[in-house]
Amino acid sequence: MTLLRVDTSIRTEGSVSRALGDTFEQSWLTARPGTPVRRRDVGRHPLPADVWPRSVSTVWTPAEEWTEEQRAAAGLATELADELLGADGLLLTAPLYNFGVPTQAKAWIDLLLTEPRLSPAKGQQPLKGRPAALIVTRGGGYGPGTPREGWDHGTPWLHRILNDVLAMDVRVVDAELTLADVNPAMAELRELAAQSREQAHTLAGKVAPELAGIVAA
């Protein structure tokens with residue numbers, strides 16, 4: 001049994017998404033002691049910017065005509081796919097950057113989807129029903145009635161990929177107002193921010209054994 005953890009935040013110190021990921025991971029390990037955790041930190045170690053176009057170009061290029069760069073890109077896509085397909089559960093942490101998906105997260109997903117086993121064009125869903133936790137953090141408030149309601153374009157896209165494209169069993173854990181503690185203009189929101197973080201940590205701790213139970217079943 002293996003849990004694949006993918007972190008996408010460019011921050012390490014003070015990262016709320018990573019802290020929530022830690023809570024989920026610890027709760028998962030409590031439910032399933034001894035589970036190996038494989039890590040892919042694309043926040044600190046981003047995938048090369050040119051790897052996706054080189055990998056996707058192999059789709060229409062005969063294998064015998066691939067360049068060394070294309071072969072390396074396809075090899076990296078295979079490595080990522082092997083990590084995901086070899087895991088019994090996925091933990092993906094993703095802060096909201098500029099109202100969308102972190103570049104690092106999108107690069108990981110884009111490259112994964114060039115791999116034939118995970119390509120939407122192939123119509124295969126080898127990950128169907130496999131548990132996935134999507135942890136999302138947002139620096140501001142995006143809930144109903146807020147000025148930026150509907151501005152979160154990252155969470156729906158990530159959920160669509162994991163749930164609809166890859167057919168995984170997805171649970172979302174989210175926290176808002178994460179910049180309140182460092183932004184003086186948001187000082188009056190710090191209590192709400194603390195409540196949001198606390199609720200998210202509680203939910204992460206609850207969701208982990210539920211998803212681990214799916215693996216056990």
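Start by selecting E83, which you will find in helix α3. This is a predicted model, so treat what you see on screen as computed. Is E83 buried or exposed? With a relative accessibility of 6%, E83 falls under the 20% cut-off and so counts as buried. Now show what surrounds E83: beyond its neighbours within four places in sequence, the contacts are L4, R38 and R40.

**Along α3 to α4**

Keep α3 on screen and add α4. How far apart are the axes of α3 and α4, and at what angle do the two helices pack? The axes are 8 Å apart, and the angle is about 100°. That angle makes α3 roughly perpendicular to α4. To see the contact itself, select A73, L76, A77, L80, A81 and L84 on α3, then W108, L111 and L112 on α4. Colour those residues by type and you will find 9 nonpolar, no polar and no charged.

**Into the largest core**

Next, colour the nonpolar core. In soluble globular proteins, nonpolar side chains tend to be buried together. The largest nonpolar core here has 33 residues, and the members that touch the most others are L90, W108 and L166. Which elements each supply at least two residues of this core? They are β1 (3-7), α3 (68-85), β3 (89-95), α4 (103-112), β4 (131-137) and α5 (155-165). Of these, α3 gives the largest share, with 6 residues.

Zoom in on L166. Setting aside residues within four places in sequence, L166 contacts L84, L113, L118, Q125, L127, K128 and I161. Before moving on, select A204, A208, L211 and V215: these belong to a second, separate core of 17 residues.

**One side of α5**

Go to α5 and pick out its buried residues, T155, L158, I161 and L162. Why do they sit on the same side of α5? Because they cover an arc of only 140° around the axis. Show the surroundings of these buried residues and you will see what covers them, including β3, α4, β4 and β5 (169-175).

Step just past the end of α5 to A167, in the loop between α5 and β5. Check the backbone here: A167 has a positive phi of about 65°, although it is not a glycine. Most residues other than glycine have a negative phi. A167 is also buried, at 13% relative accessibility.

**A second positive phi**

For another stop of this kind, select F99, in the loop between β3 and α4. What is the phi of F99? The value is near 70°, again positive in a residue other than glycine. F99 is partly exposed, with a relative accessible area of 26%.

**P95 and its contacts**

From F99, move to P95, in strand β3. P95 is buried, with a relative accessible area of 8%. Turn on the contacts of P95, leaving out residues up to four places away in sequence, and you should see T8, S9, S17, G100, P102 and T137. If you would like a distance to try in the viewer, draw a line from the C-alpha of P95 to that of T2: the two residues are 93 residues apart along the chain and their C-alpha atoms are separated by 24 Å.

**Where two loops touch**

Finish with G139 and T178. G139 is in the loop between β4 and α5, while T178 is in the loop between β5 and α6 (190-216). Both are buried: G139 has a relative accessibility of 15%, and T178 has a relative accessible area of 16%.

Which residues does G139 touch, not counting those up to four places away in sequence? They are L177, T178, L179 and M186. Seen from the other partner, with neighbours within four places in sequence again set aside, T178 contacts V16, T137, R138 and G139. T137 may look familiar, as P95 touches T137 too.

For a last check, draw a line between the C-alpha atoms of G139 and P102: the two residues are 37 residues apart in sequence and 13 Å apart in space. P102 is also one of the contacts of P95, which gives you an easy way back to strand β3.

Definitions and conventions: Residues numbered from 1 in each chain as written. Predicted model: local features only at pLDDT ≥ 70, side-chain atom pairs only at ≥ 80, totals over all residues. Heavy atoms only, no water. Core = buried A, V, L, I, M, F, W, Y, C linked by side-chain atoms within 4.5 Å. Buried < 20%, exposed > 50% of the residue type's maximum accessible area, 1.4 Å probe, protein only. Helix = DSSP H or I, 4+ residues; strand = E, 2+ residues; numbered from the N terminus. Contact = heavy atoms within 4.5 Å. Arc of directions from axis to C-beta. Axes fitted to C-alpha atoms, helices over the stretch in contact; angles between N-to-C directions. Parallel < 35°, antiparallel > 145°, perpendicular 65-115°, else oblique. Nonpolar A, V, L, I, M, F, W, Y, C, P; charged D, E, K, R; others polar.
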